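Q: I have not looked at this one before. Can we go through it piece by piece?

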Amino acid sequence: MAGLVIGWVGMGRMGYPMAERLVKAGYEVKIWNRTRAKAEPLAAKGATLVDSPADLAGVDVFCTMVSTGKDVEQVYFGENGVLSGEASPGIMIDWSSISTEESAALRERVTARGSEFLCAPVSGNGKCVKSGKLSSVVSGPEATFTKVKEIIETVAPMGVAYVGEGELARFCKIAHNVMLGVVIQNLAEITILAEKAGVPRVAFLDFINNSVMGSIFTRYKTNALVNLDWTTTFTPHLLRKDLDLGLGAARNLEVPMPVTAATREALQQHIGAAQQTDDPEGYLAKDFAMLLETVAAQSGITLQSEERPYPTGLEVPEAAE
């Protein structure tokens, strides 16, 4: 891998720390972000900041971590996109969560330009990236995956699963985020159930975390649920998008998903309830774990922070920052 130049677009909550891991590992990384100020701190740490995606056309490996399929398409083929000129990166990796249809269309256009294309969606949030607990699922040509496996493992050291050709990784990511929605909704419901019976949230969730049902996810969400800390890791609108992608795939493949459908409607109730607040947009910009508030309100409970800091399991030692 020595000597490979990596281009990176996307300096959001996920993209910045992911690219930062590559910089810290010693890779030559060139970066661009629509809001330049978000990329400047990484440039100060050793990345090279460029003026447009078109300036990344000559890199060996080009990576995107953005919000939607339209964003990926714009970065690839829009004005000053990485493929707007004659040159093309050798390998293009999209880490974003987009639909299989969007991914297939991108793959067709990218390979027509002579580039190789992998999709590599990830599991985790920004704190997972920083603590080394991000994982990834990858699909596309296996020979291409082999060439860049070390790069992907640097970003996602918790585990990298190659699942086959085409857009299979997109299906895995959609299924993953469907589970995310179902688990957070159910976790909110059972936590409120226990609280209404008289159990402190911290005690109940500590029991869950140390049981066979506990997970990295339940543990790192415990502090939020106990102390009502809605610092954003993932928004309700993004979760709704992924549930809709899952239900759309289920319709196409004729797979019944009644639990997912019910979860989607519960999430819509939360989004609807937000419209009654003074600042609906601001409310829905907070973390999706705020579903707890909607379940509590529907149960006649007024939530109060328990003021009990709880380790997330994603703490990063100061020296590693």
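**Helices, loops and cysteines**

A: Leu-180, Val-183, Ile-184 and Leu-187 in α7 meet Phe-217, Thr-218 and Leu-225 in α9. Bear in mind that this is a predicted model.

Q: How do the residues of that contact divide into nonpolar, polar and charged?
A: In the contact of α7 with α9, six are nonpolar, one is polar and none is charged.

Q: At what angle do α7 and α9 pack, and how far apart are their axes?
A: The angle is about 45 degrees and the axes are 12 Å apart, with α7 covering residues 168-197 and α9 residues 216-227. That angle makes α7 oblique to α9.

Q: Is the crossing left-handed or right-handed?
A: α7 passes α9 in a right-handed crossing.

Q: What comes after α9? Which loop holds Leu-228?
A: Leu-228 sits in the loop between α9 and α10, the latter being residues 236-253. Its phi is positive, about 55 degrees, although Leu-228 is not a glycine.

Q: Why point that out?
A: Because most residues other than glycine have a negative phi.

Q: What is the phi of Asn-80?
A: Asn-80 also is not a glycine, and its phi is positive at about 65 degrees. The loop that holds Asn-80 runs between α3 (69-77) and β5 (91-94).

Q: How accessible is Asn-80?
A: Asn-80 has 42% relative accessibility, so it counts as partly exposed.

Q: Changing topic: how many disulfides does the structure hold?
A: Zero.

Q: Why is Cys-63 not bonded to Cys-119?
A: Because the two sulfurs are 13 Å apart, too far for a bond, and Cys-119 has the closest cysteine sulfur to that of Cys-63. A disulfide here would need the sulfur atoms within 2.5 Å.

Q: And which cysteine sulfur is nearest to Cys-128?
A: That of Cys-172, 18 Å away, and Cys-128 is in no disulfide.

Q: Are these buried or exposed, starting with Cys-63?
A: Cys-63 is buried, at 0% relative accessibility. Cys-128 has a relative accessible area of 4%, so it is buried.

Q: One more residue. Where does Gly-124 lie?
A: Gly-124 is in the loop between β7 (122-123) and α5 (126-130). With a relative accessible area of 30%, Gly-124 is partly exposed.

Q: What is Gly-124 in contact with, leaving aside neighbours within four places in sequence?
A: Met-14 and Leu-134.

Q: How far apart are Gly-124 and Leu-106?
A: They are 18 residues apart in sequence, and 24 Å apart in space from C-alpha to C-alpha.

Conventions:
Residues are numbered from 1 along each chain as its sequence is written. This is a predicted model: local features need pLDDT of at least 70, side-chain atom pairs count only at pLDDT 80 or more; totals for chains, interfaces and linings use all residues. Side-chain values use heavy atoms; hydrogens and water are left out. Axes are lines fitted to C-alpha atoms, for helices over the stretch in contact, and angles run from 0 to 180 degrees between N-to-C directions. Helices (H or I, at least four residues) and strands (E, at least two) are DSSP runs, numbered from the N terminus. Angles under 35 degrees count as roughly parallel, over 145 as roughly antiparallel, 65 to 115 as roughly perpendicular and the rest as oblique. A crossing is left-handed if the near helix is turned anticlockwise from the far one by less than a right angle, and right-handed if clockwise. Contact means heavy atoms within 4.5 Å. Ala, Val, Leu, Ile, Met, Phe, Trp, Tyr, Cys and Pro count as nonpolar, Asp, Glu, Lys and Arg as charged, and the others, Gly among them, as polar. Buried means under 20% relative accessible area, exposed over 50%, partly exposed in between (1.4 Å probe, protein chains only).
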